[in-house]
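Work through the exercises below with the sequence and the model side by side. Try each task before reading its solution.

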Amino acid sequence: MPIYRPVIALAALFAAFYVSISYEFGDPDWQLEFTARPASAQSENDGNPAYDLTHLVVLDRAIRQIHENYVDPSRINWRRMVGAAMEAVQQQVPELLVQVERDDNELPTRLLVRVNEAEQAFELRDVDSLWQTAFKFRDIFRFIQPNLLNYSKFDDIEYAAINGMLSTLDPHSNLMRPDEYREMKLTTRGKFGGLGIVISVKDGHLVVVNPIPDTPAADAGIKPGDRVVQINLDSTVNMALQDAVDLLRGTPKSKVDIHIVREGWKAPRKFTLTRANIKVQSVDHKLLADRVGLIRIRNFQNTTDDEVEVALNDLRGVGRPLNGLILDLRDNPGGLLDQAIKIADRFVESGPIVTTVGYGDKLREPKMAIGVGTEEDYPLVVLTNRQSASASEIVAGALKNHKRAVVIGQQTFGKGSVQVIYDNKDDSALKLTIAQYLTPGDISIQSVGIVPDIATLPVVLTDEDTDFFRSESLKTGEKELEGHLDHESSQISKAVRSELTLRYLLDPKLAREIEDHPNDLIVDFEIAFARDLIASTDAGRRDAFLSDVRGVLLAKTEAEMAGIVAALSARGIVWTATPLTRRASSGPAPEAQITVVTEPAAGEIVAGETATVTTTVRNLGPGALRNLHALTRSDNELFDGHELLFGTLEPGAEKTWVLKLKAPRHALSRRDAVRIEFFEEGGHAPAEVKTRLSVTQLERPRFALSYALDDSVTGNGDGLIQMGEEVEVVLDVQNVGKGKSFGAQVALNAVEEDELRPVFIKRGRADLLELLPGQIGHARLSFRAKELLVKPDLPISIGVFDGELREGTSEKLTLLAVPRGEPVALERTRLTAKTGSELRLRGTPSSAAPVAHRAQVSRQPIRSDGRFGAWYRVPLERKLFAWVHQDDVAATPDGGEPSEPSGRIERAPLVGPPVITLSDHGKAETKSDSLTLSGEALAVNLVRDLLIYVNNKKVYFKSNARADGDRALMRFSARLPLDAGVNRITVIAREDEQLSSRQTLFVTREN
């Protein structure tokens, strides 16, 4: 199935794909590749106990490649890289804590490495070469590996160390794990084995967004909006999108069964489809009015240039020339360098398209245009925005600098570096920056981007949102990435300004249509604007084009501003249509009096409620305030970036703007400064004003789950789970916390083991009503045990989550399936405990199944009505059963009547994560550079360890591995360092790898 939607979404998340060159291990051929840098991913090798970390299989090679090929040798500092590597490793491994000592130049001098209870120091002053770096890593890993108990993901440690090293170089050098590299290579091919459907997950259902024409899915009649409820033998209920993608993909000519639900159908229908080579289109095209062509390039892959040629031929038709072309590169994150060069070459007759400058600015390789096959000089417009990056910037920069095209839109991302990809033997790959590229004229756009000739800025004026100037202040692009590269020639790019800026009123209906149909080629403002400009000229060169359309541009600018002024006037805001320059104007000066009033008083907002900040400006001076507006600035994103529009205030005039700020129910307690920064077009901006707003968090619910299994409705009612039988999971959810739950959702999921899902989820979700503290909610979910299981274990997970408060818990249950035809032997027995007065009953006759009920048998035994092997079956209410093992009970024949009462049996809550209780740590604001945080974590069975992070950096770890006494309780007291400003402190208590809880608080350190 197609993957370009997930890839594009990933690209948007990380802002840019990367132009890169790939060298495959053992392959002498150079290839061009690209990839997105992931936030995190699991290693393909999910734990390899035979992996020897001290061999440095991948790390040694990475060190050598950095030494020999990195673009800027001055950035290589081996001590800094070792320190960063170990800080990255401690983020990967909970049991590891690293303290880094630094000198006055912030270079690491010594590492104190603690693994569980073991501790060792490592001197770093002797690390000054690649060989010393490798030796130091080997020493550190020799200490770490034997002290990591019950840990097997040592390859993950090596990958984390490499990525920590690379983080000191630039944002785009990184190590791709095997699954990431495999996905990248699949993406760049432009084709794969699949069905040809774009899918997404909506409300837990797998929904077809779009079937690609001329693919198996489209040919079979699959339609947008169809729900895929089953793939082969697996239910898609609650299935992760990537899991569904993996199931739908496969070798061409192989078959796959999908079951579809469509509106109007009474039951799902099965489609057996044969996978084919699916070509992922990176190019869309459309012929607009006045014979103006539109080509949108979504990304640059192996087939992009060929697709552009097909699009151009189709747009022209037989013997019918185009009057102009719009090349839409908006939201294009980049891709293959050779494809970008080929496409630019179609429109440039001669000269350099791009020049790569390598190791220390010493190696230069220009890529020149070839005159053969150049398109005719019709008017050409390139559309860009802030998400146009890398390869798309190469195309836009070449066409602009060669004066072949006019660029319209927003300044691009500014990613001007080139990466090489080196394959490793373990199927991972090192992506290393080995060059920067220069646009024609030897101009770098690194950390700057391509400045459009005509800048277009959408203005949003709705009841819900206002964006007149806000988007201009957004911190986006390469320059905002930590450790970004620079180049001396980028100063030329920084001095470039747009010829004209055009603001236009955004059509909210059209914006929603584009958002709802991202794959459709919909004519928006920029496309229509570019078409109108092309229709006004026949010039194929940039300068002549801009000269010809000057009158149209000015008229359009005035018309759009008039529309904006009218929209503001309807809201009672007087705006000057022709802005003044941002300098002090002549004449009498205004004098602004500003008052800010918050409601509730003192700016205290309870989470889930709305506060108002009313800002009033009164002009007390003899001159006018012109187009006055303001933006809020705050470390809290809830309060940051809100726009206030006051307009033009004549002497004596007054204007008020009311901001409504709603704190979501999940907001945590914190107090923040809020600055209101003013701007005025006559150069008389008032001084900023400050206020403070605080959020008080709601008390949190906490959920306890208990379960029973019911096969009386959909099965044979014997309390066993037969292979092929459908069973209901009866859940009780109790709110055992202090706060109210505003409506939680319970979910049942299949757990994959050995690449198999032994259960088929039938009913996987249910909504609960509000739960007050102490209240219990009920839900019934269901699954079917598959036929002919390889082993009898049925792993499932059940969970509950309050989306409003972002609180929840989940549990893994391993149940037992038995072959059909194995009956329960009916016999009536009275059961008491061999030891103690309590019996623990399980949901299925398996010691791996969690305890589902507890029975008090000190005064009255409980009754069993049958046996299955070594297990007694105990009847419960509503035709439910539980099971107890013969080794735990003393059994006597039961001669009483079936109606006689049995011992008291109650639902047993599942284990649940540890409960963290924090002591009073003082105020939410402090002038100190540290904070003492104390508390305890309490679990049913065990608190394995406790971790504390400050601003996502681990600063504290405590293990219970060797604790004496009650290991279900862990008390802690930690002195935590605080950064200036707002500090996010997160406490995590773990019972095991899957079961953990966390608490987060904010503390502001005042400057």
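**Exercise 1: Two asparagines**

Asn 232 has a relative accessible area of 30%, so it is partly exposed (buried means under 20% relative accessible area, exposed over 50%, partly exposed in between, with a 1.4 Å probe and protein chains only). The model is predicted: local features need pLDDT of at least 70, side-chain atom pairs count only at pLDDT 80 or more, and totals for chains, interfaces and linings use all residues. Residues are numbered from 1 along each chain as its sequence is written, and side-chain values use heavy atoms, with hydrogens and water left out.

Task: Where is Asn 232 found, and what is the sign of its phi?

Solution. Step 1: find the loop between strand S10 (227-231) and strand S11 (234-235); Asn 232 is in that loop. Helices (H or I, at least four residues) and strands (E, at least two) are DSSP runs, numbered from the N terminus. Step 2: read phi, which is positive at about 55° although Asn 232 is not a glycine. Step 3: set this against the general rule. Most residues other than glycine have a negative phi, and most peptide bonds are trans.

Task: Is Asn 116 buried or exposed?

Solution. Step 1: locate Asn 116 in the loop between S4 and S5. Step 2: note its positive phi of about 50°, again in a residue that is not a glycine. Step 3: apply the cut-off; Asn 116 has 9% relative accessibility and therefore counts as buried.

**Exercise 2: A peptide bond**

Task: Is the peptide bond from Glu 599 to Pro 600 cis or trans?

Solution. Step 1: go to the loop between strand S27 (592-599) and strand S28 (604-606), where Pro 600 is found. Step 2: read omega for the bond from Glu 599 to Pro 600; it is near 5°, and the bond is cis.

**Exercise 3: Helices H3 and H4**

Task: At what angle do helix H3 (residues 78-92) and helix H4 (residues 130-147) pack?

Solution. Step 1: recall the description. Two packed helices are described by the angle between their axes and the distance between the axes. Axes are lines fitted to C-alpha atoms, for helices over the stretch in contact, and angles run from 0 to 180 degrees between N-to-C directions. Step 2: H3 and H4 pack at about 25°, with axes 10 Å apart. Step 3: H3 is therefore roughly parallel to H4 (angles under 35 degrees count as roughly parallel, over 145 as roughly antiparallel, 65 to 115 as roughly perpendicular and the rest as oblique).

Task: Which residues of H3 meet H4?

Solution. Step 1: from H3, take Trp 78, Val 82, Ala 85 and Met 86. Step 2: their partners in H4 include Leu 130, Phe 137 and Ile 144 (contact means heavy atoms within 4.5 Å).

Task: What span should H4 have at 1.5 Å a residue?

Solution. Step 1: multiply 1.5 Å by one less than the number of residues, as the expected span is defined. Step 2: the 18 residues of H4 should span 26 Å, and the end C-alpha atoms are 26 Å apart, which agrees.

**Exercise 4: A buried loop residue**

Task: Which residues does Leu 995 touch, not counting residues up to four places away in sequence?

Solution. Step 1: find Leu 995 in the loop between strand S57 (981-990) and strand S58 (996-1005). Step 2: Leu 995 counts as buried because its relative accessibility is 9%. Step 3: list the contacts: Ser 810, Glu 811, Val 911, Gly 912, Pro 913, Pro 914, Ala 989 and Arg 990. Step 4: for Pro 913, compare sequence with space; Leu 995 and Pro 913 are 82 residues apart in sequence and 5.4 Å apart in space, C-alpha to C-alpha.
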